[in-house]
Structures are given as C-alpha cells and as structure tokens.
Amino acid sequence: MTTILAPTAQPPASTVTPAHARYIADVLRQEEKLSLKGILSAPMRDRHICVMHDDQLSTVAVRDDLLPFRYRLAVSAFRLTQYLQLSWLDTTAVFDNALFHEPDCGRVPDNSVHVITIDQRSGTIVGYVALFGQKATSSASLVSDPMRDLFPCELVHRVRLFDVLPVDPIPRVGQVWEVKRLVQRSSNVSDRYLKMATTLHQFSGIFTALNALGDDARWLIGDAQEHVAIKQLRMTVRELSVIEGTNPFLPFEDLYWPAYAVRKDVKPFMARVPHDEEMATLLSDLRRALDSRNLGEKLRILKNRTIDEVRRVSL
Amino acid sequence: MALVSPQPTLSDQPLLTAGVLPSLFTLSDEVETLRHVAHEFARNDLAPVALKLDLADAADFNWEIVEKGHEAGLLRVVIPREYGGLGQGVLATAVAMEEIAAVDPSTALIFGATLLGQTAVLLGGDPRLNARFLPAFAGDTPVLAANAITEEAAGSDLLIQENLPVAQDVTSARPDGDHFVINGIKRFITNGKVADWACVYANVEGYPGATGLTAFIVPLDSPGVERGEVADKMGYRACLGTTLTFTDVRVPAENIIGGIANGAHIIQLQTNQARVSVAALSTGVAQGALDIAKKWVATRVQGGMPLWTHQFSARKLAEMSAKVEASRLLYLQAAYQADNVLPGPTYGPAIAKLYADQIAMEVANEAMSLMGARGYCREYGLEKLVRDSFGARIYEGTPEILALDIARELFQHTPDGD
C-alpha cells in the first residue's frame, strides 16, 4: 500500500552559483547531441510495439524492459533536460547529485511503455510520452482494492481516482495506464508545424500502443493543465473526466517538487480508451493528420472529430 | 601442403579458451565478445577501405568508418555502464586495439585517442565532470575526444618527472576568477582536428617549469582554440595529428581533472594504461603483417614446393610468430596488472610497449622480405603496415623514454642492482 505524504512547510533555499549554471548548461548541451538513430535499426525492430514515420519524424513505442539501457539513459536524459528547461525540477538537487538523467532510470525496468518521437535526420528526440503501468504482480487487483498501489498522479493529488469516479465494470489495475512526461523538445515551440507534427506523433504513438495492448488498456489516467494536455486529449479519448479542487504537491525532498509549484491548474483526469470501431476511426484520423503536409489541414482533421463533453467532479 | 587448423598457439585466447590448449589467462566473456566485435568491424568494415583511407590526403577524415566502429561500441569501451558505456578496462581496450590494428592501426588510434581522453576524465573521479563529458559517447552519433600533452617546444618533457622543474615554454594556465586562461601550442594531437574536446595539460602560472602541470578539459569549440594544419605523416594516415593553438582560452575551474598541479600524476596513470593499448596496437600490426605473409608463402611455389617449406622462409616465419606471441603475452600481462593495481604499474606497460613497437617493425620488415616485390606494392596492404610500424615508437613514449622508466623501476628498490 502506498503512503500519501503531507506537505512540508517551506521550499529549500536555493544557492545557484555560476558553476551550477554552467553545469546545467553543459547537461542541456550534451543531451542535444544525443542521437537515437539506432532505435529504428533492424536489430531493434522486433522489440517495438509499434513504429510510425512521416517524412521528417519517426515514433517508436517500446516497453521499458526491451529498451537497451543506453537508450533508456538517453530517454531519461531527454526527460530531465526538458523538465529543467520548464523549471519543473529542483536544479540544486540536479547539481548536487551530478544528475544528467532522471535518477530512477535503469534501476529496475518497469512496466512502462516509452513513446519516443525522433528526428530522422539527427536521431535526436523531439517528443516523448510514457504510458506508466503498475508492476505485473499487482496488475490483477481491481482498482477498487484498498490495498492496491496508487498511481503517481493519485499520490501527487492525494486522490483515489476510481473511488471518486467509479466506473462499471471495475477495471483491473493492469488495464489502467497513466500518461506521464508528455514533453516536446523546447526548441519545437518556435516551429508551429513541427510542434503540431510532434503532437500528432505522440498521440498516434500512445493510441497505437494502447490498441496493441488490447483488453489490457481500458482506462487512461494522469494529470495535466487544462489548457494544454487535457485540451489535446479531448480530441482522442472518450468519457473524459476531470477532478477539480485537488491540491497537488510533492515534498521538497523530491526532485520534481517545482513541477507542482510553478504550474497552476494541474488536474487529475481519467478517460476511457477507445475500442474497436472508435479506435479504428481514431487511428485513421491520426494517420490522415500525420500524412497531411498542411498545418491547417492537420488541425481540421482533429477538430472535425466527435468530441465528448468533459465531465467535471469537484472534491 | 595446407596449413593445419587449429594452429598451435601460446596466446590466441579464442583458440585457447575453446579448450584446444590450456592457458594461464582466462579472459572474460565480455572481453571475448568485444574482441569478436572488433574483429568483425576490422575485417568487414575497415579492411575494404583501409588502403583508400591511407592514400587519401593528409587532412581527409572518414567519419563513415568511425560511425561504423561507434555502432560496434568501440568509442564507449571504458565509459562506465551508468553513463551508457561498456564498463570495460585496459584489457578489453587492448584486445580490441590489437584486432583493429591488424588491419589498420591508424583507425585503431582514432578510437584509442578518444578512450585516452575519456580515461583522463575517469581518473579524476569527479561525478559532475563525468556527467558533463561522458554521456555524449552513448548516443548513436560518434563523438571523439583527444589528449593534448606534446608541446611545441619539447615533445617529451612532460613525460619525464625529472624534467618538470626545468621544462620551458609549457602551455600555461593563468587563474582568473573562477576560470583559467590557457595559452600555448600543442603539437601532433591525434583527433585534434575532429574531437569535441581535449584533455589539455597546462602549467598553472606561478609554478616553475611544469611543476604546476594541471589537466583541463577544454571544449575545442571554445573561443581562442585554433585547430591548425594536419601533419602529413608517413603512416597512421587515417587519424589526424593536428596542432592546437590556445590563445586566451577561458576554461572554468570545474574543468580541472584531479586538482591543480596534479597533472603529472594524471599523465603518469594515463600513460601507463595507454602504453598497454599501444603495445597491443603494435602487436596487431605485427600480426597483420604475419597474416599477409602467411597467405603468400602458403600458396607461392618455388622450386616445386610452397615457400613456407623452404628453410629460410620457415626460419623467418618461426621467428615472426614467436615475436608476435611473446608480444601478446607481454601486453596481456601488463593489461591485467593495469586493471588490477592502483596506481597503475609502470614497468609492465613500458616493457610491453618497448618490445611490441620493436617487433612490429621487425615482423613487418621480414614479411616484406618474404613477399619480395609484391610486398613493396600497395595493393597487398603490407607496404602500409611497414610504414605504420614505425609510428608507435614515437607516441606514448619513445624507446628512450621507456628505457628511462624501465631502468628507474629496475633500480628503484635496489639502487646497487642486487
């Protein structure tokens, strides 16, 4: 059973020195050079849940335990550097611990699926999202089981999502996936077309992977800002519910505590994963949008989709 | 008469570990895997282009072959696993170097010089320095490093402890706030033209001679770094030896490896490890020359008999084989010591390098005498190895420098020679 912590009083005092700033700059610069071209190579192909390409980007979905450690490090370095650029990490802790990737990387491969979008020419990551699944040993429990492990977003918001929003039938823990670390390379922001193409790749990767998981993917959960990821998710999922009024936080000892200090309006959500005909239509729409070379056309395809009203629940 | 297989051997580890003959050495599966990978790279990717690389203009650099070697993991052999590397040591590096050098020592040195720069960072033991400079090698795009010791004024002063107080015109490092400002000229720096960064040895101002020698990691795109002309060399032509000029190059203090005035110590540790790899590299050159000669004397018929059955040829082949075996055994022992003794030993690597560099020239020379005019022609590849065989006597310690180290070790504990 997972413990939920209470917030502590004050954020730690930050002592940023020039050496500190140079360290961060070097870590960022180094990550920009990391290429994962080989992830598309023949020896890796059998490990992919799915892979998709357009004329510039490729997206691979691969289970954590099948990703070579070297690539897991690169993915983890990308996540760290993008969070650094968003000021969602404790930079003092990054410097003090000589971090160049997220610290949990590689200790024990978990049940996550990495959805990695890379630039075909350079091999650098331009977009990333993880689908976090609980470990296999607890996947058979029902989400109503009071002893089950909580998902990360439930811990941060101190809420048991499926207690607040009961669903029928009650899913197994293994049928629930949390969307985590939905990030794009910060340099994408200045290029609207690339930003949109990367988003489409990320969503195509998420749903192609969920489709491949079949009955083991029934519900998608997570937390995000209303005007960013939740807005994008609306165009793809069904029965999207958002919980209002939580007070998300991480203890100041946690590397990621600033992520909930600098962002406002971060809400937990849950949504049903489309199935059968719904999923086929969604994947087809995403493919058409990916293939279109016109930014307006890409947007039109998504906006023309049937979008459910968001259900809101206040705590 | 055909040559029988498997061949008798004293040092061919794959054959020995296959149980054909017992061995004092047991190399780990990881080392054998790396040997296999390096062998495949050398034979399949490098051999078809080695002569082309050799005959190209002095300043030409072939990234394609580096990329293929990098795919095989050859640029991250010594990088610890937690930074995405193979986490291997001197022994694995040396074994890989021999395999590549048997085809082209010049390409082996591109990888070797990078591992040397990485070794300097690792010797410092600073996790932040590691985090800033090592993970890039784990990506799929090759990154190269360099090691800059040799000065414009004197090539070997920084390698001789006794010369440090009297060394002149050494590259200098002036403290300036939380930075150092580097000025000076380094010569014949392998990978200097193409590396991302170099470990640069400079004397901190205020220390006489080179007694304040300090190792700095210098990104080679820093303002004030000039990558000069590429040396037009007799051999080792695929790797570029370049002059690096530093004019008021500002380097942050945190780029120092192992502390101020600790450079001579870092050089010593680094050099003792590197000499093993160079010994392996020279052994590879000798093995490569022997392989070419063997092919020739097995099929060339004179007086109605294959050349190898003639007494003069047999004598040459026997001596060449003995030298290659002895050289390999020496470097394996030195590598094992270097991986297991701290600080790294001086004697074993120096002996191994002295011997290997010498026999590389002798074996290549004898191979040419066996092949006659064909050996003198470029298409057989031997002529290139003959030229290459001279190279290793110059870098990482000339025979004279090695002799000083060896003699010092011989008399260190018993000055009267007893």
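# Exercises on a predicted two-chain model

Pro169(A) lies in the loop between α6 (161–164) and β5 (176–184) of chain A. The model is predicted, and the exercises below treat its backbone, its buried residues and its helix pairs.

## Exercise 1. Backbone geometry in loops of chain A

Determine the state of the peptide bond from Asp168(A) to Pro169(A), and characterise phi of Ala98(A) and of Asp265(A).

*Solution.*

Step 1. The bond that joins Asp168(A) to Pro169(A) has omega near 0° and is cis. Pro169(A) belongs to the loop that runs between α6 and β5 of chain A.

Step 2. For Ala98(A), phi is near 50°, which is positive although the residue is not glycine. This residue sits in the loop connecting α4 (91–96) and β3 (113–119) of chain A. Its relative accessibility is 10%, and because the limit for burial is under 20%, Ala98(A) counts as buried.

Step 3. Asp265(A), also a residue other than glycine, has a positive phi near 65°. The loop that holds Asp265(A) lies between α9 (258–262) and β8 (266–272) of chain A. With a relative accessibility of 37%, Asp265(A) counts as partly exposed.

## Exercise 2. The surroundings of Lys298(A)

Is Lys298(A) buried or exposed, and which residues beyond its sequence neighbours does Lys298(A) contact?

*Solution.*

Step 1. Lys298(A) is part of helix α11 (residues 295–303) of chain A. A relative accessibility of 0% places Lys298(A) among the buried residues.

Step 2. Setting aside neighbours within four places in sequence, the contacts of Lys298(A) are Tyr193(A), Met196(A), Leu200(A), Ala289(A), Leu290(A) and Ser292(A).

Step 3. Although 101 residues separate Lys298(A) from Ala197(A) along the chain, their C-alpha atoms are 8.4 Å apart.

## Exercise 3. Helices α7(A) and α10(A)

Describe how α7(A) and α10(A) are arranged, and classify the residues of their contact.

*Solution.*

Step 1. Two packed helices are described by the angle between their axes together with the distance between those axes.

Step 2. The axes of α7 (residues 192–213) and α10 (residues 276–291) of chain A come within 10 Å and cross at roughly 155°. Since an angle over 145 degrees counts as roughly antiparallel, α7(A) is roughly antiparallel to α10(A).

Step 3. The crossing of these two helices is left-handed.

Step 4. On the side of α7(A), the residues in contact include Ala197(A), Leu200(A), Phe203(A) and Phe207(A); among those of α10(A) are Met279(A), Ala289(A) and Leu290(A). By class, the contact of α7(A) with α10(A) comprises 11 nonpolar, four polar and no charged residues. Leu200(A), Ala289(A) and Leu290(A) also appear among the contacts of Lys298(A).

## Exercise 4. Two partners of α6(B)

How does α6(B) cross α5(B), and how does α6(B) cross α8(B)?

*Solution.*

Step 1. For α5 (residues 90–101) of chain B and α6(B), the axes come within 7 Å and cross at roughly 155°. The helices α5(B) and α6(B) are therefore roughly antiparallel, and their crossing is right-handed.

Step 2. Thr93(B), Met97(B), Ile100(B) and Ala101(B) of α5(B) meet residues of α6(B) that include Pro105(B), Ala108(B) and Phe111(B). This contact of α5(B) with α6(B) contains seven nonpolar, three polar and no charged residues.

Step 3. The axes of α6 (residues 105–124) and α8 (residues 263–299) of chain B come within 10 Å, with a crossing angle of roughly 160°. This pair is thus roughly antiparallel, and α6(B) passes α8(B) in a right-handed crossing.

Step 4. The contact draws on α6(B) residues such as Pro105(B), Ala108(B), Thr119(B) and Leu123(B), and on α8(B) residues such as Ile266(B), Gln273(B) and Val285(B). Its residues divide into 11 nonpolar, three polar and no charged.

Step 5. Thr119(B) of helix α6 is buried, at a relative accessible area of 10%. Outside its neighbours within four places in sequence, Thr119(B) touches Val78(B) and Gln273(B).

## Exercise 5. The environment of Thr242(B)

Which backbone atom lies 3.4 Å from a polar side-chain atom of Thr242(B)?

*Solution.*

Step 1. Thr242(B) is located in strand β7 (residues 241–252) of chain B and, at 1% relative accessibility, counts as buried.

Step 2. The atom sought is the backbone nitrogen of Lys193(B). Its distance of 3.4 Å falls within the 3.5 Å limit for a polar contact.

Step 3. Not counting residues up to four places away in sequence, Thr242(B) touches residues including Lys186(B), Phe188(B), Gly192(B), Lys193(B), Arg227(B) and Val230(B).

Notes
Residues numbered from 1 in each chain as written. Chains lettered and ligands numbered in written order. Predicted model: local features only at pLDDT ≥ 70, side-chain atom pairs only at ≥ 80, totals over all residues. Heavy atoms only, no water. Helix = DSSP H or I, 4+ residues; strand = E, 2+ residues; numbered from the N terminus. Buried < 20%, exposed > 50% of the residue type's maximum accessible area, 1.4 Å probe, protein only. Polar contact = N/O pair within 3.5 Å; in protein donor to acceptor, adjacent residues only side chain to side chain. Contact = heavy atoms within 4.5 Å. Axes fitted to C-alpha atoms, helices over the stretch in contact; angles between N-to-C directions. Parallel < 35°, antiparallel > 145°, perpendicular 65-115°, else oblique. Left-handed = near helix turned anticlockwise from the far one by under 90°. Nonpolar A, V, L, I, M, F, W, Y, C, P; charged D, E, K, R; others polar.
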